[in-house]
Amino acid sequence: LLNGREIQRRKVEVPASGSVAVGFDGFEVPFGVSRGEVRMTPADDLPFDDAVYFTIQRREPYKLLFMTGGGNRPLVYFRQALGAGEDPAFVIETAGQLSQFSAVILVNTSSAPPHLREFVEKGGGLLIAPGDRTDWSTLQSVLGPLMPASGWEKTYVRRDGDQFITIGDFERDHVLFQPFVGTAAAGLLAARFFGYFRVKADQGVLARFSNGDPAVVEKEVGKGRVILLASAPDNVWSDFPIRPGFVPFVKQAARYLARLPDDPAYYTVPATASLGTAATVMNP
C-alpha cells in the first residue's frame, strides 16, 4: 500500500518455518513524502509483525553547477555518471544563481563562481579537480580558504617502466568510499592517472596515490564540505571516467557534498533517528 491505497498484491505459499521472497513491479510515486506499507493477509498467530511500514520521498533532482576549462568531455562524463539509472537524484547545469544549487563542481579550470565561499560556509558542497589547463596560483587566489591543500606541483608520470600511478589506499570507513566495499574496491583501484597536482595537506587526506602523494583531500568550511581530487577525470590526465569506479565515486561524492541523508526507509523500534533528516523531510 502507498498512502493507504493498495498498489499491488501477490499470492505466495510460505512453507512451515520457512521464508519466501516476494517481488513487486515498479510503480509511480507522487512527489513529496509517501507512507508505504507491506502487509500480510490473513494475519497469522503472531500478528504484530504482519505489517512493515516505510517511507519514500520523491522530489525534483538536486542541481549541481558544473564549470570546466577542458572542453565538453568532462561535462559529458559527469552527466552520464549522475544520470545513470531511473529517476536520477542529480541534474547538472552550467549556469545559474548559486542559491539554486546543492554543490559546485570545478574540473580543469582556474575560475569559480562569485560568492562561492559564502555558498560553502552556509552548507553548500564543492568538488575541485584540477587538470592540465588549471593555473593553481590563480585557482588558489580565487578560492582562498576553500582550498583543502597547498604546495602544488604539476606532475606528469613519464618515468621508465612507470607510465602511470593508481589509487594506492583510501579511508575505507569514510562515507565517500562506502560504495567500494570488498571486491567493489577493484573498480576504484583500477583507474590510471598520468598527470596530477602534487599537493601538501596536513589533514583531511582521504586517499593517496600509489606513490604516496595525496589523491583526495577533504576540508570543512563552515557548514559546507570541500573535496579536492588531485587529477582531472577527463580521460586526458586519467582514464578514471572509463573505469567502473567512476560512476559510484561521482554519485557518492555528489550525495556527500549535497549532504543527502543516508537514513533507511524504515526503522526497527527502538532505534535512533536523525533530527536533521527529519527537518529535511518536513521542509524539502
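Okay, one cut-off before we start: I'll call a residue buried under 20% relative accessible area, exposed over 50%, and partly exposed in between. By that rule arginine 198, at 30%, is partly exposed. Hang on to arginine 198, we'll come back to it shortly.

So, what you have up there is a predicted model. The pLDDT averages 89 over the protein chain, and 92% of the residues score at least 70. The bit to be wary of is residues 279–284, where the pLDDT is below 50. That stretch has five contacts in the model beyond near neighbours in sequence. Where pLDDT is low, the predicted coordinates shouldn't be read in detail.

Right, the overall picture. The protein chain has six helices and twelve strands. Its C-alpha atoms fill a box of roughly 70 × 45 × 35 Å along the principal axes. How many of the 284 residues count as buried? That comes to 40%. If you take contacts with a separation of 6 or more, residues 24 or more positions apart account for 64% of them. And the chain exposes about 15900 Å², with carbon and sulfur atoms supplying 51% of that.

Now, salt bridges. The count is twelve. Back to arginine 198: its partner is glutamate 153, and the closest N and O atoms are 3.7 Å apart. This pair links distant parts of the chain, 45 residues apart. Arginine 198 is in the loop between β9 and β10, while glutamate 153 is in the loop between α3 and β7. Glutamate 153 is partly exposed too, because its relative accessibility is 40%.

Compare that with glutamate 118 and lysine 122, where the closest N and O atoms are 3.0 Å apart. Here glutamate 118 is partly exposed at 40%, and lysine 122 is exposed, since it reaches 62%.

The next one is the pair I'd spend some time on. Aspartate 239 is found in the loop between β12 and α5. Is aspartate 239 buried or exposed? It's buried, because its relative accessible area is 4%. Its salt-bridge partner is arginine 243, at 2.9 Å from N to O, and arginine 243 is partly exposed at 27%. While we're on salt bridges, ones that share partners join Glu153, Arg198 and Asp213 into one network.

Staying with aspartate 239, there's a backbone partner as well: a polar atom of the aspartate 239 side chain lies 2.6 Å from the backbone nitrogen of arginine 192. Leaving out neighbours within four places in sequence, aspartate 239 contacts Ala191, Arg192 and Phe194.

Just along from there, alanine 253 sits in helix α5. It's buried, because its relative accessibility is 3%. Its C-alpha atom is 9.4 Å from that of glycine 125, and those two are 128 residues apart along the chain.

Last stop, the N-terminal side. Glutamine 8 is in the segment before β1. Its side chain reaches the backbone oxygen of aspartate 25 at 2.8 Å, and it makes a polar contact of 3.1 Å with the side chain of arginine 10. Not counting residues up to four places away, glutamine 8 touches Phe24, Asp25, Gly26 and Phe27.

Phe24 shows up again in a nonpolar surface patch, along with Val12, Val14, Val20, Val22, Val38 and Val52. Together they have about 510 Å² of accessible area. Of those, valine 38 is in strand β1, and it's partly exposed, because its relative accessible area is 42%.

That's my tour, thanks.

Terms used
Residues numbered from 1 in each chain as written. Predicted model: local features only at pLDDT ≥ 70, side-chain atom pairs only at ≥ 80, totals over all residues. Heavy atoms only, no water. pLDDT = per-residue confidence, 0-100. Contact = heavy atoms within 4.5 Å. Helix = DSSP H or I, 4+ residues; strand = E, 2+ residues; numbered from the N terminus. Polar contact = N/O pair within 3.5 Å; in protein donor to acceptor, adjacent residues only side chain to side chain. Buried < 20%, exposed > 50% of the residue type's maximum accessible area, 1.4 Å probe, protein only. Patch = residues over 30% accessible without salt bridge, like charges linked within 9 Å, V, L, I, M, F, W, Y side chains within 5 Å. Areas by Shrake-Rupley, 256 points an atom, 1.4 Å probe, with all protein chains shown as cover. Salt bridge = Lys/Arg side-chain N within 4 Å of Asp/Glu carboxyl O.
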